[in-house]
Amino acid sequence: MAVDHSENDPAHRLDVVGYLCPVPVHETRRMLQQIRPGELLEVLADDPETKHDIPLLLARVGAELVSLEDVAGEFRFLIRAEIGRAHV
């Protein structure tokens with residue numbers, strides 16, 4: 001039986017590999033302002049500080065960190081824009 005992952009397929013993707021903070025955090029905030037509540041955003045980054053800084057941003061803006069994968073120093077954040085969120 002096939003597994004359906006469509007519930008966690010991101011509608012938006014942000015690739016900030018090669019950029020250092022604060023760029024990944026700033027661009028993640030910008031994207032969250034542009035997408036609809038409940039939509040998923042995939043963020044790809046390689047700055048180790050993002051593992052700390054992006055979750056802090058999400059807590060401040062009310063978004064949900066669905067998952068964080070670390071593969072050979074490249075990080076994949078899957079973020080759900082919060083329904084009923086305050087303007088970020």
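In this predicted model, the side chains of Asp70 and Lys51 meet in a salt bridge, with a nitrogen-to-oxygen distance of 3.6 Å. Asp70 belongs to strand 3 (residues 64-71) and Lys51 to helix 2 (residues 50-61), so this contact ties together parts of the chain that are 19 residues apart in sequence. Both ends of the pair can be described by their accessibility. Asp70 has a relative accessibility of 43% and counts as partly exposed, and Lys51, with a relative accessible area of 39%, is partly exposed as well.

The Asp70 pair is one of six salt bridges in the structure. Another brings together the side chains of Arg80 and Glu64, at 3.7 Å from N to O. Here, too, distant parts of the chain are linked: Arg80 sits in strand 4 and Glu64 in strand 3, 16 residues apart. Arg80 is partly exposed, its relative accessible area being 23%, and Glu64 is partly exposed at 37%.

A further salt bridge joins the side chains of Arg76 and Glu42, with 2.5 Å between N and O. It connects strand 4 (residues 74-80), which holds Arg76, to strand 2 (residues 40-45), which holds Glu42, across 34 residues of the chain. Glu42 has a relative accessible area of 11%, and because buried means under 20%, this residue counts as buried. The contacts of Glu42 also reach beyond a single pair: salt bridges with shared partners join Arg13, Glu42, Glu69 and Arg76 into one network.

What surrounds Glu42 in its own strand? Six of the six residues of strand 2 are buried, so the strand is largely enclosed by the rest of the structure. In general, the side chains of a regular strand alternate between the two faces of the sheet. Along strand 2, Leu40, Glu42 and Leu44 point one way, while Leu41, Val43 and Ala45 point the other way, and all of them are buried.

Strand 2 also has paired neighbours. Strand 1 (residues 12-15) pairs with strand 2 in the parallel sense over four bridges, and Glu42 is the bridge partner of Arg13 in strand 2. Between these two strands the chain passes through helix 1 (residues 23-34), and the resulting β-α-β crossover is right-handed. With strand 4, strand 2 runs antiparallel, and six bridges join the two. In that pairing, Leu40 stands opposite Arg80 of strand 4, the residue whose side chain meets Glu64 in a salt bridge.

Key. Residues are numbered from 1 along each chain as its sequence is written. This is a predicted model: local features need pLDDT of at least 70, side-chain atom pairs count only at pLDDT 80 or more; totals for chains, interfaces and linings use all residues. Side-chain values use heavy atoms; hydrogens and water are left out. A salt bridge is a side-chain nitrogen of Lys or Arg within 4 Å of a carboxyl oxygen of Asp or Glu. Buried means under 20% relative accessible area, exposed over 50%, partly exposed in between (1.4 Å probe, protein chains only). Two strands pair if DSSP finds at least two bridges between them. A crossover is right-handed if, with the strands pointing away from the viewer, the path from the first strand over the helix to the second runs clockwise.
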